[in-house]
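User: I'm new to this one and would like a relaxed tour. Could you take my questions as they come?

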Amino acid sequence: NDGNIDRAIELNISLQDCACCGAYISKSPDVWKAFMCHNLGADETKDPFTPSAEIHGAKYKWGVNRPALTQAQDQNSAYDSSVPNWDTITAPPMTSDISWLSTANPCPPGWRVPTRVEWQGVLDNNDEYRTDDGGANWTAANVIQTWTASNTDFDNGIKFGDALVLPAAGMRNNSSGSLSYRDYFGNYWSSTAYISNGYNMYFSGNNQNPNNHASQSYGYSVRCVEE
């Protein structure tokens, strides 16, 4: 009603099928961002809310749009000690800005690698829960659990709020590609550079930090956020 008479107003509504994975990156005001439900390279037919080998995904170097190791290769015991020619596989651009996203974004259309600030927002604005039993029972984050690094375990992860689970998929060393801290650390790239390093968000059973920066030649997980 415009104050005098009732008027009809046309409304345009856009509907999108959504798996509804995501988290708050701000609470003043509320800003909720959609994240992909799976790590890049994971089996997207598997339950994204229960940490398992099938959803650990591939390992990426910073600034590169293709994996250094696929999920299958990452879980092949032949690559546990080192990866042949790791330093020449998908060599990162060694850039100090995020311009690489326009030409080498590893995420599918409509998605991108989160910024350091967005990862900080996820940590600051969501209840956190961790698991060491395959996701069956989430425990409040302020209860320190005993996570143990293992090349053959895949059941640890962290849950932010009700709709974002990140597996503790470990990392690949920058010089040799050797596997470290699977089931103990989760290391997730951001799109933000620090000089010739890349910022990443990491977590363990009792710690998390979105301001860690490391050589762009490390192999970390990638979880895409909606543009």
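What follows is a short chat about a sheet, the disulfides and one arginine in this predicted model.

User: In what order do the 3 strands of the open sheet come?
Analyst: Happy to start there. The sheet is open and built from 3 strands, with antiparallel pairing. From one strand to the next, the twist averages 35 degrees. Reading across, the order is E10-E11-E12.

User: Which strands stand at the edges of that sheet, and why is one side of each left without a neighbour?
Analyst: Each edge strand has a single partner strand, so one of its sides has no neighbour in the sheet. The two that fit this are E10 (186–194) and E12 (208–215).

User: How many bridges join strand E11 to E12?
Analyst: E11 covers residues 197–203 and runs antiparallel to E12. One of the links can be picked out by eye: Gly198 has Ala214 in E12 as its bridge partner. For E11 and E12, the bridge count is 6.

User: Which helix lies across E10, E11 and E12?
Analyst: Look for the helix spanning residues 116–124. Against E12, this helix runs at about 150 degrees. Its label is H3.

User: Now the cysteines. How many disulfides does the count come to?
Analyst: A pair of cysteine sulfurs has to be within 2.5 Å to qualify. Cys21 and Cys37 pass, with sulfur atoms 1.9 Å apart. Cys107 and Cys224 pass too, at 2.1 Å. The count comes to 2.

User: What pattern do the disulfides follow along the chain?
Analyst: Here you number the bonded cysteines as you walk along the chain. The pairs are Cys21 with Cys37, and Cys107 with Cys224. That gives the pattern 1-2, 3-4.

User: Is the disulfide of Cys21 and Cys37 right-handed or left-handed?
Analyst: The clue is the torsion about the S-S bond, which is about 100 degrees for Cys21 and Cys37. That value makes the disulfide right-handed.

User: How many residues apart in sequence are the parts that Cys21 and Cys37 tie together?
Analyst: Cys21 sits in the segment before strand E1 (22–27). Cys37 is in the loop between strand E2 (30–34) and helix H1 (71–74). So the parts tied together are, in sequence, 16 residues apart.

User: And how many residues apart are Cys107 and Cys224?
Analyst: The link of Cys107 and Cys224 is left-handed, with -90 degrees about the S-S bond. This pair joins distant parts of the chain: Cys107 is in the loop between helix H2 (101–104) and strand E3 (111–112), and Cys224 is in the loop between E12 and strand E13 (225–226). Their separation is 117 residues.

User: Is Cys20 buried or partly exposed?
Analyst: Buried means under 20% relative accessible area, while over 50% is exposed. Cys21 is buried at 3%, and Cys224 is buried at 0%. Cys20 has 48% relative accessibility, so the verdict for Cys20 is partly exposed.

User: Last stop, Arg112: is this residue buried or exposed?
Analyst: Arg112 lies in strand E3. Its relative accessibility is 14%, and the cut-off for buried is under 20%. So Arg112 counts as buried.

User: Which residue has a side chain joined to that of Arg112 by a polar contact of 2.7 Å?
Analyst: Arg112 touches several residues, including Lys33, Asn105, Cys107 and Cys224. A polar contact of 3.4 Å joins its side chain to that of Glu227. The partner at 2.7 Å is Glu118.

Note on methods
Residues are numbered from 1 along each chain as its sequence is written. This is a predicted model: local features need pLDDT of at least 70, side-chain atom pairs count only at pLDDT 80 or more; totals for chains, interfaces and linings use all residues. Side-chain values use heavy atoms; hydrogens and water are left out. Two strands pair if DSSP finds at least two bridges between them. Helices (H or I, at least four residues) and strands (E, at least two) are DSSP runs, numbered from the N terminus. Axes are lines fitted to C-alpha atoms, for helices over the stretch in contact, and angles run from 0 to 180 degrees between N-to-C directions. Contact means heavy atoms within 4.5 Å. Buried means under 20% relative accessible area, exposed over 50%, partly exposed in between (1.4 Å probe, protein chains only). A polar contact is a pair of N or O atoms within 3.5 Å; within protein, one must be able to donate a hydrogen and the other to accept it, and residues adjacent in sequence count only if both atoms are side-chain atoms. Lists of a residue's contacts leave out its neighbours within four places in sequence.
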